[in-house]
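Hi,

Here is the model I promised to pass on. Have a look at it first, and my notes follow underneath.

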Amino acid sequence: MGTRLRFIVPVMAAACILCLARGGTHGKTGMSGSWLKNVPLYAGTRTNPYAQDQDAVAAGAKLFQRHCSSCHGKDANGTGRVPPVHSITVKNASPGALFWLLRNGLLRRGMPSWSRLPDEQRWQIVTYLQSIQDR
Amino acid sequence: MLVLAFAAPVSAADPPYFVTYTHHMEEPGSLELAFENLVGRPQAGERFLGSLLEVEYGVKGWWSTEFYFSGQGTRNDSTLFTGYRWENRFRPLMGEHWINPVLYVEFANLSGADKTMKEVVGFDSQSKQNTPNAEARVEKKREIETKLILSSNFKGWNLSENVIAEKNLSNEPWEFGYAVGVARPLALKASPRPCRVCIENFRAGVEFYGGLGTRHQFGLRNTAHYVAPTVSLELPGGTTFQISPGFGITSASHRFLLRFAVAYELPGLGRYLRRLYR
């Protein structure tokens, strides 16, 4: 029994994970912007302390490449099922709403929470995201 | 080669803990490989190196799973494989809160010769690691470990608390332990210029961990406790280096432990597997 248990557990674990790995990262909900309705009023009205700051745009670009590009693409145009960041939703979202999204993520849809980054770095990413919308 | 095909710059930005867990999950579809090591020496024994190979995968945004394979080498003794663990962490609350809970459950199949000290529970002490490997490896430990992880991020600081309960499946009592960590990045703002070994890529903190006895004898008496400053350097290419000297503060503790690790994150593995299924 002990020998069987030693092998059954890792084999079951690997099979379980392979099946679940089919589950997506970032469903299409990210593209439709339905997450915006979950943004609390106090969060959505926050202002970006680095708005129009070119150093923040550059820093945000660096952080985006480092933390976000593996899913959203180096050019922010999305990859596979992961939505682009160049979008009407992001363009029309307030800076506070984008900051809220980075802090909370969309865990059910596969976007992680970036609360591990300091507030300053998340605002730098928001500054970058807003700067690329008109390109 | 297949693994390197996924290599792209990605960073976890995690606190530099070795023992304490936070509520941060592995990014869905990402695989992290880590090699963690512990050097110690029991007060009346030989120096040893305990090593863990960690393979962590982000299954969902709320579920991460990890396999650990452990081994150790003891001076003037032998080197051996000491077993494996399978760990799962689940985040029940989908948003970010003041205190974020995570539920942790692990199955461990180890021999008594294991010296990786991934956590300290019960009456784990430095003297138990004096047993020669040939004798210690005979003991089989199949254990279920559960943790309640509570973690908070505030103004760049992370504070995490873990309450640990572990049960050997061969009719031994529940053992308890704890781990507490506090850490922050050395710079809160990123600089506009690319950099590698710069202050914003360093994170520093301190961990406290130790045992709390068993169900029959709960408390601090005759238990081991450690305080361990820790620091990490996260390079833009996805590699993280970590080091932590640990200092025992009770007579049951090792006087000194040195932990060091290197980790590498591989994004996109999940997407590759999905393409295989199509």
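Let me start with one pair you can find by eye: B:Arg85 has B:Ala108, in strand 5 of chain B, as its bridge partner. Before the rest, some ground rules: this is a predicted model, in which local features need pLDDT of at least 70 and side-chain atom pairs count only at pLDDT 80 or more, while totals for chains, interfaces and linings use all residues. Residues are numbered from 1 along each chain as its sequence is written, chains are lettered from A and ligands numbered from 1 in the order in which they are written, and side-chain values use heavy atoms, with hydrogens and water left out.

Chain B first. Its twelve strands make a closed barrel in the order 1-2-3-4-5-6-7-8-9-10-11-12, with antiparallel pairing. On average, neighbouring strands of this sheet are turned by 20° against each other, direction ignored. (Helices, H or I with at least four residues, and strands, E with at least two, are DSSP runs numbered from the N terminus; two strands pair if DSSP finds at least two bridges between them.) As a general reminder, strands of a sheet pair through backbone hydrogen bonds, either parallel or antiparallel.

The bridge I opened with belongs to strand 4 (residues 79-90) and strand 5 (residues 100-111) of chain B, which run antiparallel and are joined by eight bridges. On its other side, strand 4 of chain B pairs with strand 3 of chain B over eleven bridges, also in the antiparallel sense. There B:Gly73 stands opposite B:Thr79. Those two strands form a hairpin with four residues between them, and B:Asn76 in the turn has a positive phi of about 60°.

Strand 3 (residues 63-74) of chain B is mostly covered, with eleven of its twelve residues buried. (Buried is under 20% relative accessible area, exposed is over 50% and partly exposed is in between, using a 1.4 Å probe and protein chains only.) Strand 2 (residues 48-60) of chain B pairs with strand 3 of chain B through twelve antiparallel bridges, with B:Tyr57 opposite B:Thr65. This pair is a hairpin too, with two residues between the strands.

A bit further up the chain, B:Leu33 sits in strand 1 (residues 31-40) of chain B and counts as partly exposed because its relative accessibility is 29%.

Now chain A, which has eight helices and zero strands. Of its 135 residues, 52% count as buried.

Helix 4 (residues 54-67) of chain A has 14 residues and reaches 20 Å from first C-alpha to last, close to the 20 Å expected at 1.5 Å a residue. (The expected span is 1.5 Å times one less than the number of residues.) At its start, a side-chain oxygen of A:Asp53 reaches to within 2.9 Å of the backbone nitrogen of A:Asp55. Buried residues of this helix include A:Val57, A:Leu63 and A:Phe64. What covers the buried residues includes helix 5 (69-72) and helix 8 (119-131) of chain A together with strand 10 (225-234) of chain B.

How do helix 4 and helix 8 of chain A cross? Their axes come within 7 Å and cross at roughly 100°, so the two helices are roughly perpendicular to each other. (Axes are lines fitted to C-alpha atoms, for helices over the stretch in contact, with angles from 0 to 180 degrees between N-to-C directions; under 35 degrees is roughly parallel, over 145 roughly antiparallel, 65 to 115 roughly perpendicular and the rest oblique.) Among the residues that meet there are A:Val57 and A:Phe64 from helix 4 and A:Ile125 and A:Tyr128 from helix 8 of chain A; contact means heavy atoms within 4.5 Å.

Helix 8 of chain A has 13 residues and reaches 18 Å, close to the 18 Å expected. Its buried residues pack against helix 4 and helix 7 (95-104) of chain A.

Two loop residues of chain A have a positive phi without being glycine: A:Gln52, near 70°, and A:Ala76, near 65°. A:Gln52, between helix 3 (41-44) and helix 4 of chain A, is exposed at 73% relative accessibility, whereas A:Ala76, between helix 5 and helix 6 (88-92) of chain A, is buried at 0%.

Finally, one link between the chains: the side chains of B:Glu27 and A:Arg116 are joined by a polar contact of 3.2 Å. (That is a pair of N or O atoms within 3.5 Å; within protein, one must be able to donate a hydrogen and the other to accept it, and residues adjacent in sequence count only if both atoms are side-chain atoms.) B:Glu27 lies in the segment before strand 1 of chain B and is buried, with a relative accessible area of 5%.

Cheers
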